[in-house]
Amino acid sequence: MTAIALFKRVDRPFHLVMFDPRAKIDIGEGISQPASTVLTSRVRDLSVDPGLPGDFRRWLETDDTWRDRLISDPAGLEHAFVPGEIFSTYVYKRFAEALSDRPDVIVQFGSDTVTAIDRHLDGGYSVFLGAEQRTRFDAVFLATGYGMRENSDAAPAGETQSAVVIGGGIHAVDRALGLLADSKISHVTLISESGFLPQSHTPAAVGAIVTDQPMPGTLRGAFRFLREAANRADLEGSGWQGIMNGFRSRARPLGGTDARRACTVQTPCEGYLRQSSQPLAA
């Protein structure tokens, strides 16, 4: 997704190197990911381009492979929760399309492990690929996604009867259900600092509830605003889900303001991209 953004934003030729020691670049299949891993965002909230919020839904509607599997969702396609493999396939399709539109861009995949990043004396950054090897880039993007990918979700070998999952979020519950589906696991213990489990979704889809009150500009103020709005919604019977759905449409501009401010203070990022004649690293 970082590469797609660069294809669309950088308006001159450049060289992009993508380092991943465990890369699986297969546009036809997408990332190898268990089908049981369901994304925690609805179809309507997923897109590779912030300027095209409904792009993932439109792709699903025109793709014969997935449309028939998902169109039966009683809440409608845009409210569906889909496996990660479907979104991965979509991302790689959009990556291939964006790359084909930029014949002036060179893309290289590296399987080396990046050990360090430092500022270069001549400007830009030095990317270290071991004790001796290093390469200079004008800009570096750290694209961790959801963190390190696991090689397998399979249960441990042997006569394992119980398992411990650390965390109480949706991903932890998804992992616990996956373990219980394995015949070797009969009991799963969740360890969570908060002690809370994720709340279930409402039986039917909930639309966005957006108030005309301005959103506070600080993180503490935004959380207080959401708590108070959710409490009022619960008392009125409309539920807190609509408040969170409404907040999604306002969250991106808040984050974008902070990101642009940080970018300006630390490095002239846009200048690096537009004036660069050297490779970029992702």
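Two strands count as paired here if DSSP finds at least two bridges between them. Keep that cut-off at hand while you work through this predicted model.

**Exercise 1.** Work out how strand 3 and strand 4 are connected, and which residue in the turn has a positive phi.

*Solution.* Start with the bridges: four of them join strand 3 (residues 116-119) to strand 4, and the two strands run antiparallel. One pair to look up is Ala 116, whose bridge partner in strand 4 is Phe 128. Next, look at the connection: the two strands form a hairpin with five residues between them. In the turn, Gly 123 has a positive phi of about 100°.

**Exercise 2.** Find the order of the strands in the sheet and name its edge strands.

*Solution.* Move on to the other neighbour of strand 4: strand 5 (residues 134-137) pairs with strand 4 in the antiparallel sense over four bridges. Here Phe 128 has Arg 134 as its bridge partner, and Val 127 stands opposite Thr 135. Putting the pairings together gives an open sheet of three strands in the order 3-4-5, with antiparallel pairing. Strand 3 and strand 5 are the edge strands, since each pairs on one side only. On average, neighbouring strands of this sheet are turned by 25° against each other, direction ignored.

**Exercise 3.** Sort the side chains of strand 4 by the way they point, and decide whether they are buried or exposed.

*Solution.* Recall the general rule: in a regular strand, side chains alternate between the two faces of the sheet. In strand 4 (residues 125-128), Tyr 125 and Val 127 point one way, while Ser 126 and Phe 128 point the other way. All four of these residues are buried, that is, under 20% relative accessible area.

Key: Residues numbered from 1 in each chain as written. Predicted model: local features only at pLDDT ≥ 70, side-chain atom pairs only at ≥ 80, totals over all residues. Heavy atoms only, no water. Buried < 20%, exposed > 50% of the residue type's maximum accessible area, 1.4 Å probe, protein only. Axes fitted to C-alpha atoms, helices over the stretch in contact; angles between N-to-C directions.
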